[in-house]
2 protein chains.
Amino acid sequence: MAETPAPFDPGEFHRRRAVLQAGMAGDGLDALLLSAPADIAWITGLATRFWQSPCRAWFVVVPAKGDPVAVIPEIGCAPMARTWLDDIRSYPSPGEDGIDGLLAALAACVSKTGRIGLPMGAGTAPAMPLASWLRLETALRPRCFVDAGSLVAGARAIKSEAEIARIRAAARAGRAAFAGLPALAGPGRRIADVARAFQAAVLEAGADHVGYLAAVAGPGGYGDVIDPGDSRILVPGDVLLVDLGAVVGGYYCDFGRNVAIGPPSAAVRDAHRALHDAVAAGIAAARPGITAADLHGVMAGVLQAAGQRPGGGRFGHGIGLSLTEPPSLMPGDRTVLEAGMVLALEPGVTLGPGRLLVAEENIVLRGDGAALLTDPAGPTMAVAE
Amino acid sequence: MAETPAPFDPGEFHRRRAVLQAGMAGDGLDALLLSAPADIAWITGLATRFWQSPCRAWFVVVPAKGDPVAVIPEIGCAPMARTWLDDIRSYPSPGEDGIDGLLAALAACVSKTGRIGLPMGAGTAPAMPLASWLRLETALRPRCFVDAGSLVAGARAIKSEAEIARIRAAARAGRAAFAGLPALAGPGRRIADVARAFQAAVLEAGADHVGYLAAVAGPGGYGDVIDPGDSRILVPGDVLLVDLGAVVGGYYCDFGRNVAIGPPSAAVRDAHRALHDAVAAGIAAARPGITAADLHGVMAGVLQAAGQRPGGGRFGHGIGLSLTEPPSLMPGDRTVLEAGMVLALEPGVTLGPGRLLVAEENIVLRGDGAALLTDPAGPTMAVAE
């Protein structure tokens, strides 16, 4: 039976608020407006999967001093009342859009010449109708909105021990399920059926839910890494990738495993070993002070030295309340890694047109280096006969 | 073994495009811009759960005549190439935001005084950074954006037989799993563990994945309907609600079941029977020509005649590629129901503070009335001993 992670202690959210407000002071912000589901879950602790219903907007206003104010649809009031927030204002939805209540909450803490932070840049999206945004922005003038995406992402990137425990629990469920994957994935099985049975195994191993899954296979490598699992039948020579986002207490792990259907070719074996070595080098190099780009470079260097052609996009990213979070392990991302960051290391190679292979493991950065949250795949690819 | 639904025939997407383009002609639109995951899945047929990664924007431009153009992150190219779209343009992401490619695609089909439709109103949200939106809107002037939310929602609301088959398959998996719910939910069980075991059963019964789940219980009724399942232990006198969004071929069912933990009180029994009767009346009344508001009124009337106090929000909604879609069964929604709409009927009552009960079934509207997609819960609440 799965162990439910302990609730966050009240100090957890006071610390999160303090991190935001320190950043807001540095940026000269009078308030911060959050609307994205993961941002709202992070600052409030609200647990729900109701974000899959796209018809209602949720808002949290963080003032420069004092406690956050929630402006949410009525259906959310009871669950939000169980969080640490005291000031919860609701609006009828569907029917209204919440902007009247949000205007009141913002006008109360932002002077007419004040600045309101809002995630607006890369990797963010406003979880409200554009018509609501336009009304909000117009009504609040001459107050102005400024991008606070980096502030929020930076605060969320450094995980507490309680957050790390949840990601570790999610990874543990994944690990147990992946141990049984070769037995599910023999020749003649349909990929969709493997995906279905694997997800059941993840739940039985203790995940609260399976928030993300990709299952894709092809001869000697796969053509993409995001297909959810189709009706194709596995045949000898295929390599199957199952990529899992299991969730415990709201937090994702994100790692995958390759399974050869029948004995893999020499090219596949070599690529798998090179990916293993690249991940190992990444784990060894990951520590506070190195940049995301440099960590990419370490892994890319190992692949190139092994005669492999890097492929499959960036070589990793943050994980947490979202399946993928900043930073990106890729050239150009100069984010300096810090203790408390939880990362997916995800190098990939291309063996030819439509023939990718990727490896993925999860780590947490400590003061002296990286600690694994997953049991790394070995240098030899698992085989399903 | 689950039956995978047959692929959509090519005509499916030509018909969808034709419906959009007819609406665009009526509204004087030169192009339609789609960014929301479900809108993109609907017009392209793309299958993926990668929307859980919030770091990349996907766009589809539907011109007034001719085929759609996709402007998407590179990671999506191979899966999008398996859809019916021919014109697929990609951009490196993370790193860029896709707006340059989108500007080119829009400028090619919209004259300088033209109008671009974009879902902007209630129930929509732009799946791109606000900074990207501002750059796009500014660069395209004097072209203007107008709200096309109703056009898109109206097109999506009328399901084809192939879409209905997927929702029916999702509901079938839910039905099989719900049959076993009382055996999972006895006194002494933790709600989170019931939720986990139930989701595994949904997968074993043939769902591709469990896109939404709520599991909440309380003495003589529950305080909310969106909690994902916490560590509370079920005790006699509780009523447990499990509300399921199972997914097959991208399409959701959305229905729930109540289970009494030990014999229910007379008040709970009466409320359950009244909800059953309200749903039955709703099924009998649902037919093309009635409005969403009137269908709400039919169900509310049954509850009031039974001496129950309506509660729990709207009394139902559309379902499809999203867990909830327009219309809303509530006063004020004057949408006229049409054949091909798939609806969740979801009346609720409140028995006192923090004591809700809701019932939910799924139907499809035919020319002569409603056909059930679920086996309705009976008038007597299931009991777990």
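The following exchange goes through a predicted model, from the relation of its chains to its salt bridges, cysteines and empty spaces.

Colleague: By what turn can chain A be laid on chain B?

Modeller: Two copies of a chain are related by a rotation about an axis and a shift along it. Here the superposition has an RMSD of 0.0 Å and a shift of 0.0 Å along the axis, and the two copies are thus related as by a two-fold rotation axis. The turn that lays chain A on chain B is 180°.

Colleague: Which residue of chain A has the C-alpha nearest the axis?

Modeller: The axis in question is the one about which chain A is turned by 180° to be laid on chain B. In chain A, the C-alpha nearest that axis lies 2.3 Å from it, and the residue is A:Ala200.

Colleague: Which residue meets A:Arg156 in a salt bridge?

Modeller: Side chains of opposite charge can pair when their charged atoms come close. For A:Arg156 the distance in the salt bridge is 2.6 Å, from N to O. Because A:Arg156 lies in helix α6 (residues 149-157) of chain A and its partner in helix α2 (residues 37-44) of chain A, the pair ties together parts that are 117 residues apart in sequence. The residue that A:Arg156 meets is A:Asp39.

Colleague: Is A:Asp39 buried or exposed?

Modeller: A residue counts as buried when its relative accessible area is under 20%. The partner A:Arg156 has a relative accessible area of 10% and is buried. For A:Asp39 the relative accessibility is 7%, so this residue is buried.

Colleague: How many of the eight residues of α2(A) are buried?

Modeller: The helix α2(A) is mostly covered, and its buried residues are A:Ala38, A:Asp39, A:Ile40, A:Ala41, A:Trp42, A:Ile43 and A:Thr44. Just after the helix, A:Gly45 takes a positive phi of about 85°. Of the eight residues of α2(A), the number buried is seven.

Colleague: With which residue does A:Arg135 form a salt bridge?

Modeller: The closest N and O atoms of this pair are 3.1 Å apart. The pair links distant parts of the chain, with A:Arg135 in helix α5 (residues 130-140) of chain A and the other residue in helix α4 (residues 99-107) of chain A, 35 residues apart. A:Arg135 is partly exposed, with a relative accessible area of 35%, whereas its partner counts as exposed at 52% relative accessibility. That partner is A:Asp100.

Colleague: How many salt bridges does the structure hold over all chains?

Modeller: The pairs include one in chain B, where B:Arg141 and B:Glu137 have their closest N and O atoms 2.8 Å apart. Salt bridges also form a network, linking A:Asp9, A:Glu12, A:Arg15, A:Arg16 and A:Glu163. Over all chains, the number of salt bridges is 42.

Colleague: How many disulfides are there over all chains?

Modeller: A disulfide is a covalent bond between the sulfur atoms of two cysteines. The sulfur of A:Cys253, a buried residue with a relative accessible area of 0%, is 17 Å from the closest cysteine sulfur, in B:Cys55, which is too far for a bond. The sulfur of B:Cys253 is likewise 17 Å from its closest cysteine sulfur, in A:Cys55, too far for a bond. Over all chains, the count of disulfides is zero.

Colleague: Which strand gives the most to the lining of the largest cavity?

Modeller: The largest cavity holds about 40 Å³ of space, and its lining includes A:Gly256, A:Arg257 and A:Asn258. By class, the lining divides into three nonpolar, three polar and three charged residues. The strand that gives the most, with three residues, is β10 (residues 255-261) of chain A.

Colleague: How many charged residues are in the lining of the second largest cavity?

Modeller: The second largest cavity is lined by A:Gln199, A:Leu203, A:Val210, B:Arg49, B:Gln199, B:Leu203, B:His209 and B:Val210. These residues divide into four nonpolar and three polar, and the number that are charged is one.

Colleague: What is the volume of the second largest pocket?

Modeller: Among the 34 residues that line this pocket, the closest to its centre are A:Val225, A:Gly312, A:Gly313, A:Arg314 and B:Ile75. The largest share of the lining, three residues, comes from β15(A), and by class the lining has 15 nonpolar, 10 polar and nine charged residues. The volume of the second largest pocket is about 660 Å³.

Methods: Residues are numbered from 1 along each chain as its sequence is written. Chains are lettered from A and ligands numbered from 1 in the order in which they are written. This is a predicted model: local features need pLDDT of at least 70, side-chain atom pairs count only at pLDDT 80 or more; totals for chains, interfaces and linings use all residues. Side-chain values use heavy atoms; hydrogens and water are left out. A salt bridge is a side-chain nitrogen of Lys or Arg within 4 Å of a carboxyl oxygen of Asp or Glu. Helices (H or I, at least four residues) and strands (E, at least two) are DSSP runs, numbered from the N terminus. Buried means under 20% relative accessible area, exposed over 50%, partly exposed in between (1.4 Å probe, protein chains only). A disulfide is a pair of cysteine sulfur atoms within 2.5 Å. On a 1 Å grid over the protein atoms alone, a cavity is a set of points where a 1.4 Å probe fits but cannot get out, and a pocket is an open set with protein on both sides within 12 Å along at least five of seven lines; lining residues have an atom within 4 Å of a point. Grid points are joined across faces, edges and corners, and a volume is the space filled by probe spheres set on the points. Ala, Val, Leu, Ile, Met, Phe, Trp, Tyr, Cys and Pro count as nonpolar, Asp, Glu, Lys and Arg as charged, and the others, Gly among them, as polar. Copies are superposed by least squares on the C-alpha atoms of residues with pLDDT of at least 70 in both.
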